[in-house]
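Thanks for asking me to look at this one with you. Here are my notes, written so that you can follow along with the structure open.

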Amino acid sequence: MNDSLNSTMVPTPFRVQRVRRETHDTFTLELRPPDGSRTLPFAPGQFNMLYMFGVGEVPISISGDPSHPERIVHTTRVVGTVTRAMHTLKPSDSLGVRGPFGTPWPVEKAYGSDIMIIAGGIGLAPLRPAVYQILSQREKFGKVVILSGTRTPADILFRKEMEQWRSRFDVDLFTTVDRAMSGWKGNVGVVTTLISRAPVDPQNSVAMVCGPEVMMRFTVMELQKRGIGGDRIYVSMERNMKCGLGLCGHCQYGPTFVCKDGPVYPFNRIKDYFAIREI
Amino acid sequence: MENLEQLLEHHPFFKGLEPKHIKLVAGCGSNVKFEAGEFLFKEGEEANAFFILRRGKIAVEAFAAERGSIIIDTLNDGDILGWSWLIPPYNWHFDAKAVELTRAVALDARCLRTKCEEDHDLGYELLKRFAQIIEDRLQATRIQLLDLYSVSS
């Protein structure tokens, strides 16, 4: 493991190996360390700070396979100056990387349980490493259900992989979009409407949820209605993360720092802050 | 093979309904089948039934000039379709189209309305259940209106 990356504030330059346009406003970067020999082990749910030289640094979740730490994969959406600049990157360009940071999805803790992966929009990206890890040790879990919601059919991420997951007999995958024109053969409706039909045992399920905060709020309500306790619901929070080490205080969330104590939290740990609009 | 009464009895929507009421409701029911692309009903038509979807998928659509038909919601196995039969003037507000081969139970609206007028307990029990569905769909629509995945979110 490259300890210097964990211990320093200085980004290491990585080389862009591959760029994939996922949808009209999302893209995936595959990065390699400059010397090619080092790896950057990470746990599903963690993020890196990515630095576009001369533009700025942003926290981006890792969306790749944790069993391939030699390939650092990030999927992001073009939403601001830095990601807009990243969108112009081409293979062999350079990008600064610090990390990985943050808490992981509780994949090992969930051994023996049914799993619900619930993603909204780009929220599927931070969950994909958890899906990889779960499927690589499929026998250790009960039912595995993936629920994914996007705005329109054109916004569906990782289409090819989703089809592969859907075709597995040991995975139940349901997708839905918020709007579609006539002729769309899939589901229309918000992702929360899929929860009631997920074939899991609520008493023995672990839910991992990632998406816009408002989506997670309604998702948690629906999961609780289904009988899944707040100690078995995990959410990935997003705040203005800067240092990634819990030092600068930019990402303070209640008494915690999202970069260090999160981004993945058991819902019970943050439930008192979840409904407070000011934080 | 389940008969209509047994089918209703085991459906979550009718959970807790007295056997005599199940019998009354079943008396208004019939099995129906829709091919992919076939309309169950169209906006403005008389709402003369509601449907319990046994297997298949239905798209609830609205037509907007220059944009075509927009899917508002999809309903799947076990879902209940239609409450306009309960509310005057008993006309559908949307189109409902089978996305794939769909089998359903259709409950005749006139028959049910008459039975509800004659037996207010039955009417109240049905209204309670439809109120829950209306509430669930209203909540879902509100969340849909939030446009959760827009760039600003």
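The points below go from the single chains to the sheets, the cores and the contact between the chains.

1. **Before you start.** Keep in mind that this is a predicted model. Everything I mention is computed from that model, so to speak, with the prediction as the starting point.

2. **Chain B as a whole.** Let's begin with chain B, whose secondary structure adds up to four helices and eight strands. Walk along the sequence and you meet them in the pattern α-α-β-β-β-β-β-β-β-β-α-α. The radius of gyration of chain B is 16 Å, and the globule rule gives 15 Å for 153 residues, so chain B is as compact as a globular protein of that length. If you'd like dimensions, the C-alpha trace of chain B spans about 55 × 30 × 30 Å along its principal axes.

3. **Inside chain B.** How much of chain B is buried? Of its 153 residues, 29% are buried. Now take the contacts in chain B with a separation of 6 or more: 73% of them link residues 24 or more positions apart.

4. **The two domains of chain A.** Chain A is assigned domain 1 (3-101) and domain 2 (108-236). Taken over C-alpha atoms, their centres are 25 Å apart. Where the two domains touch, domain 1 of chain A brings 15 residues and domain 2 of chain A brings 13 residues. The domain 1 side of that contact has three nonpolar, nine polar and three charged residues.

5. **The seven-stranded sheet.** Next, look for an open sheet in chain A with seven strands in the order 11-9-8-7-12-13-16 and mixed pairing. Strand 11 and strand 16 (264-266) of chain A are at the edges with a single partner strand each, so one side of each has no neighbour in the sheet. Within this sheet, strand 7 (residues 114-120) and strand 12 (residues 205-210) of chain A run parallel and are joined by six bridges. To find the pair on your screen, start at A:Asp114, whose bridge partner in strand 12 of chain A is A:Ser205.

6. **The largest core.** Which residues have the most contacts inside the largest nonpolar core? They are A:Ile117, A:Leu147, A:Ala207, A:Val209 and A:Tyr234, in a core of 74 residues. Helix 3 (residues 124-136) of chain A gives this core its largest share, six residues. Both domain 1 (3-101) and domain 2 (108-236) of chain A contribute residues, so the core lies between them. As background, nonpolar side chains tend to be buried together in soluble globular proteins.

7. **Two residues worth clicking on.** Try A:Ala207 first: leaving aside neighbours within four places in sequence, its contacts include A:Met116, A:Ile118, A:Leu223 and A:Tyr234. Then go to A:Trp105, in the loop between strand 6 (94-101) and strand 7 of chain A. Is A:Trp105 buried or exposed? A:Trp105 has 27 other C-beta atoms within 10 Å, and 20 or more is the mark for buried, so A:Trp105 counts as buried. With neighbours within four places set aside, A:Trp105 touches A:Pro44, A:Gly45, A:Ala130, A:Met208, A:Tyr234 and A:Val264. The C-alpha atoms of A:Trp105 and A:Val235 are 8.7 Å apart, although 130 residues separate the two along the chain.

8. **A sheet shared by both chains.** Here's a part I'd look at slowly. Five strands make an open, antiparallel sheet in the order 10(A)-5(B)-4(B)-7(B)-2(B). Strand 10 of chain A and strand 2 (39-41) of chain B are the edges; each has a single partner strand, so one side of each is left without a neighbour in the sheet. Strand 10 of chain A pairs with strand 5 (residues 68-75) of chain B over two bridges, in the antiparallel sense, and A:Ala180 sits opposite B:Ile71. Further in, four bridges hold the antiparallel pair of strand 4 (residues 58-64) and strand 7 (residues 95-98) of chain B, with B:Ala59 opposite B:Lys97.

9. **Where the chains touch.** How many residues does each chain put into the contact? Chain A gives 23 residues and chain B gives 18 residues. On the chain A side, strand 10 (180-181), strand 11 (187-188) and helix 5 (213-225) each supply at least two residues, and helix 5 gives the most, with three. By class, that side has 10 nonpolar, eight polar and five charged residues.

Terms used: Residues are numbered from 1 along each chain as its sequence is written. Chains are lettered from A and ligands numbered from 1 in the order in which they are written. This is a predicted model: local features need pLDDT of at least 70, side-chain atom pairs count only at pLDDT 80 or more; totals for chains, interfaces and linings use all residues. Two residues are in contact if their C-beta atoms, placed from the backbone, lie within 7 Å. Ala, Val, Leu, Ile, Met, Phe, Trp, Tyr, Cys and Pro count as nonpolar, Asp, Glu, Lys and Arg as charged, and the others, Gly among them, as polar. Two strands pair if DSSP finds at least two bridges between them. A nonpolar core is a set of buried Ala, Val, Leu, Ile, Met, Phe, Trp, Tyr and Cys residues joined through C-beta atoms within 7 Å. A residue is buried if 20 or more other C-beta atoms lie within 10 Å of its own, exposed if 12 or fewer, and partly exposed in between; C-beta atoms are placed from the backbone. Domain bounds come from an automatic or database domain assignment. The radius of gyration is taken over C-alpha atoms; the globule rule is 2.2 Å times the number of residues to the power 0.38.
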